[in-house]
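Hello,

Here is the structure I promised to pass on to you. Have a look at it first, and then read on for what turned up in it.

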Amino acid sequence: MAETGMAAGNALMHLDRLAQKALALWDLPAGARARLINVAENTTWLVEAPGGFRAVLRIHRANYHSPRAIASELAWMDALQRDAIIEVPRAISGRNGQPLQTCTADGLKTPRHLVLFHFINGTHPDQSGDLTPGFERLGTIAAKMHLHALDWPRPEGFERLIWDDAAVFSPQATWGNWRDAPHVSPALRPVLETAERTIRQRLAAYGKSPVRYGLIHADMRLANLLEEG
């Protein structure tokens with residue numbers, strides 16, 4: 001979330017300035033303001049205005065997903081909604097007619113990509129209760145999304161991050177070399193080296209046929225789920 005060399009508190013201050021400024025990119029009710037509600041890979045903001053208007057603003061992490069990759073995600077979300085696979089937030093087009101916007105603010109080194117979504121009612125699953133029924137429903141949803149991805153004709157230029165052994169273990173790994181991670185001690189490193197070799201061997205044996213390797217959600221955790229009723 002934070003830019004390189006910038007403290008988290010300073011980054012959030014600059015992102016708050018960006019969120020308030022960027023609202024002008026959409027045709028929103030007068031008095032709309034953004035309030036931070038989640039910090040993860042991206043930052044998420046609740047946009048509220050007098051009269052009950054609500055929407056959700058996502059400010060993307062810098063230098064991670066390309067505009068084409070974000071547009072590809074939105075295209076699949078539209079298809080999932082259109083084909084009644086699952087209810088997903090719908091992107092709100094900006095004043096220029098595009099759902100993906102780009103904006104910058106003082107203190108940020110690079111412009112950020114932003115998407116504003118329609119608000120969906122619901123709450124995160126309650127981890128203190130019995131999650132079994134919810135995970136059964138989630139398994140059904142995941143299966144329907146998988147079948148949809150197999151048959152869905154992807155738009156030209158479709159682009160998303162690739163998660164395979166190279167993306168995780170190569171020198172150009174998406175999240176960096178695990179050997180540089182904190183607490184990887186000389187005693188622990190041989191164990192992890194063995195684990196990497198085992199995982200690579202098993203993935204190679206599993207293969208990348210279309211029924212085994214393709215478009216997935218990739219982050220179907222409780223924080224990304226809403227349930228109502």
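A residue counts as exposed when its relative accessible area is over 50%, as buried when that value is under 20%, and as partly exposed in between. Please keep in mind that this is a predicted model. With those cut-offs, Asn63 is easy to place: its relative accessible area is 72%, so Asn63 is exposed. Asn63 sits in the loop that links β3 (53–59) to α2. Its backbone deserves a look too, as the phi of Asn63 is near 55°, a positive value in a residue other than glycine. For background, most residues other than glycine have a negative phi.

Ala84 tells a similar kind of story. Its phi is near 60°, again positive in a residue that is not glycine. You will find Ala84 in the loop between α2 and β4 (100–103). Is Ala84 buried or exposed? Its relative accessible area is 62%, which is over the 50% cut-off, so Ala84 is exposed.

Now for the whole chain. It holds five helices and five strands, and starting from the N terminus the elements follow the order α-β-β-β-α-β-β-α-α-α. Of the 229 residues in the chain, 31% are buried. The C-alpha trace spans about 60 × 45 × 45 Å along its principal axes. The chain exposes about 14200 Å², and 55% of that comes from carbon and sulfur atoms. If you take the contacts between residues at least 6 apart in sequence, 64% of them join residues at least 24 apart.

Next, a pair of helices. Two packed helices are described by the angle between their axes and the distance between the axes. Here, helix α2 (residues 67–82) packs with helix α3 (residues 132–151) at an angle of about 110°, and their axes are 11 Å apart. Angles from 65 to 115 degrees count as roughly perpendicular, and α2 and α3 are therefore roughly perpendicular to each other. Their crossing is right-handed. Which residues make the contact? From α2 they are Trp76, Ala79 and Leu80, and from α3 they are Met145, His148 and Ala149. The residues of this contact divide into five nonpolar, one polar and no charged.

His148 is a good residue to zoom in on. It lies in helix α3, and with a relative accessible area of 9%, which is under 20%, His148 is buried. Not counting residues up to four places away in sequence, His148 touches Trp76, Ala79, Leu80, Asp83 and Ile85.

Finally, have a look at the loop between β5 (112–118) and α3, where Gly122 has its place. Ile120 is found in the loop between β5 and α3 as well. How accessible is each of them? Gly122 has a relative accessible area of 35%, so Gly122 is partly exposed. For Ile120 the value is 21%, and Ile120 is therefore partly exposed.

What does Gly122 contact, leaving aside its neighbours within four places in sequence? The answer is Leu226, Glu227 and Glu228. Gly122 and Glu228 are 106 residues apart in sequence, and their C-alpha atoms are 4.8 Å apart in space. With the same kind of neighbours left aside, Ile120 is in contact with Glu87, Val88, Pro89 and Leu226. Leu226 thus appears among the contacts of Gly122 and among those of Ile120. Pro186 is another matter: this residue is 66 residues from Ile120 along the chain, and 48 Å separates the two C-alpha atoms.

I hope this helps you find your way around. Do write back with any questions.

Best wishes

Key: Residues are numbered from 1 along each chain as its sequence is written. This is a predicted model: local features need pLDDT of at least 70, side-chain atom pairs count only at pLDDT 80 or more; totals for chains, interfaces and linings use all residues. Side-chain values use heavy atoms; hydrogens and water are left out. Axes are lines fitted to C-alpha atoms, for helices over the stretch in contact, and angles run from 0 to 180 degrees between N-to-C directions. Helices (H or I, at least four residues) and strands (E, at least two) are DSSP runs, numbered from the N terminus. Angles under 35 degrees count as roughly parallel, over 145 as roughly antiparallel, 65 to 115 as roughly perpendicular and the rest as oblique. A crossing is left-handed if the near helix is turned anticlockwise from the far one by less than a right angle, and right-handed if clockwise. Contact means heavy atoms within 4.5 Å. Ala, Val, Leu, Ile, Met, Phe, Trp, Tyr, Cys and Pro count as nonpolar, Asp, Glu, Lys and Arg as charged, and the others, Gly among them, as polar. Buried means under 20% relative accessible area, exposed over 50%, partly exposed in between (1.4 Å probe, protein chains only). Accessible areas come from the Shrake-Rupley method with a 1.4 Å probe; for residues, only the protein chains shown count as cover.
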